[in-house]
Amino acid sequence: MRGRFITFEGADGCGKTTQLRRAVDRLRALGVDVVATREPGGSSAGAEIRSLVLDRRERPIVPVAELLLIEADRAQHVVETIRPAIERGAFVICDRFTDATVAYQGGGRGLDPALIGTLNLIATGGLEPDMTLVFDVDVSEAMRRLDRRAAESGGEAATRFDLEHAGFHDRVRSAYLDIAGKSPGRVRVIDANRPIEVVAADVDRFVEELRCRCAI
Ligand code: TMP
């Protein structure tokens, strides 16, 4: 049986990683074979590529270099981790995938959407998620959460993206909503301004929808 592939997406501070961990724990408790992974960083070279892309200190990198690093990580990740897991029948949950590149490098950085589309296709070999959950949060609420996160870690922003201004995060959010509008069959938008448990109930409902589709 072919497995299933679901991606969790949204602007920084949307709470998707908390929701992903919760969904993974719930599915494992039900005995489901779950592979939890993320981008950038899910391949064997991933930790190094992730720190090149996200490290907020040292080297500044130009947007095209950022795009190419992310796509290199994705190409390796798809072949090494995602496809084999889907083929053995696992339920793959990935924290960000191709939509993040459309939203961040396209919407946020302003790179050419056609170029991003081509590179996404090359890196994935055409693999698309069966379902994508976009956690949508107001930019002001997202910025508050990022500030709180930074304060909790001693006043330091976690990544280069966390340092971006509200306009950047707003463009990323709009790009995600645009993707959802164009792919209503695949993408579900979840209002992530609400409390964690309320958001989690929506996540569980959509994950179950995909599991039922899987069983048919
Ligand atoms: P995370 O904090 O959700 O793990 O994501 C790390 C950062 O990587 C996030 O700020 C967005 C960025 N990113 C991109 O800019 N483009 C991409 O294609 C991916 C996968 C992540």
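How do the axes of helix H3 and helix H5 cross, and within what distance do they come? Before the answer, a bit of housekeeping. This is a predicted model, where local features need pLDDT of at least 70 and side-chain atom pairs count only at pLDDT 80 or more, while totals for chains, interfaces and linings use all residues. Residues are numbered from 1 along each chain as its sequence is written, and side-chain values use heavy atoms, with hydrogens and water left out. Helices (H or I, at least four residues) and strands (E, at least two) are DSSP runs, numbered from the N terminus.

Now the answer: the axes of H3 (residues 63-87) and H5 (residues 113-124) come within 8 Å and cross at roughly 30 degrees. That makes H3 roughly parallel to H5. Axes here are lines fitted to C-alpha atoms, for helices over the stretch in contact, and angles run from 0 to 180 degrees between N-to-C directions. Angles under 35 degrees count as roughly parallel, over 145 as roughly antiparallel, 65 to 115 as roughly perpendicular and the rest as oblique. As for handedness, H3 passes H5 in a right-handed crossing (the near helix is turned clockwise from the far one by less than a right angle; anticlockwise would be left-handed).

Which residues do the touching? On the H3 side they are Leu67, Leu68, Glu71, Arg74, Ala75, Val78 and Arg83, and they meet Leu115, Ile116, Leu119, Asn120, Ala123 and Thr124 in H5. Contact means heavy atoms within 4.5 Å. Sorted by class, this contact has eight nonpolar, two polar and three charged residues. Ala, Val, Leu, Ile, Met, Phe, Trp, Tyr, Cys and Pro count as nonpolar, Asp, Glu, Lys and Arg as charged, and the others, Gly among them, as polar.

H5 also packs against H4. The axes of H4 and H5 come within 10 Å and cross at roughly 150 degrees, which makes H4 roughly antiparallel to H5. This crossing is right-handed too. Thr98, Thr101, Val102, Gln105 and Gly106 in H4 meet Ile116, Asn120 and Thr124 in H5, and the contact divides into two nonpolar, six polar and no charged residues.

H4 has another partner, helix H7 (residues 166-182): the two pack at an angle of about 135 degrees, with their axes 8 Å apart. That makes H4 oblique to H7. H4 passes H7 in a right-handed crossing. The H4 residues Asp99, Ala100, Val102, Ala103, Tyr104, Gly107 and Gly108 meet Phe168, Arg171, Val172, Ala175, Tyr176 and Ile179 in H7, giving nine nonpolar, two polar and two charged residues.

On to the strands. Five of them form an open sheet in the order E2-E3-E1-E4-E5, with parallel pairing; two strands pair if DSSP finds at least two bridges between them. The edges are E2 (34-38) and E5 (187-191), each of which pairs on one side only. From one strand to the next the twist averages 20 degrees. At the E5 edge, strand E4 (residues 131-136) and E5 pair in the parallel sense over five bridges, and leucine 133 stands opposite arginine 188 in E5.

The whole structure has six aromatic pairs. Rings of Phe, Tyr and Trp (its six-membered ring) pair if their centres lie within 6.5 Å; planes under 30 degrees apart count as stacked, over 60 as edge-to-face and the rest as tilted. One pair is phenylalanine 5 with phenylalanine 97, edge-to-face at 5.0 Å centre to centre and 85 degrees between the planes. Phenylalanine 5 lies in strand E1 (residues 4-10) and phenylalanine 97 in the loop between strand E3 (91-95) and helix H4 (98-108), so the pair ties together parts that are 92 residues apart in sequence.

That loop between E3 and H4 also holds arginine 96, whose phi is near 75 degrees, a positive value in a residue other than glycine.
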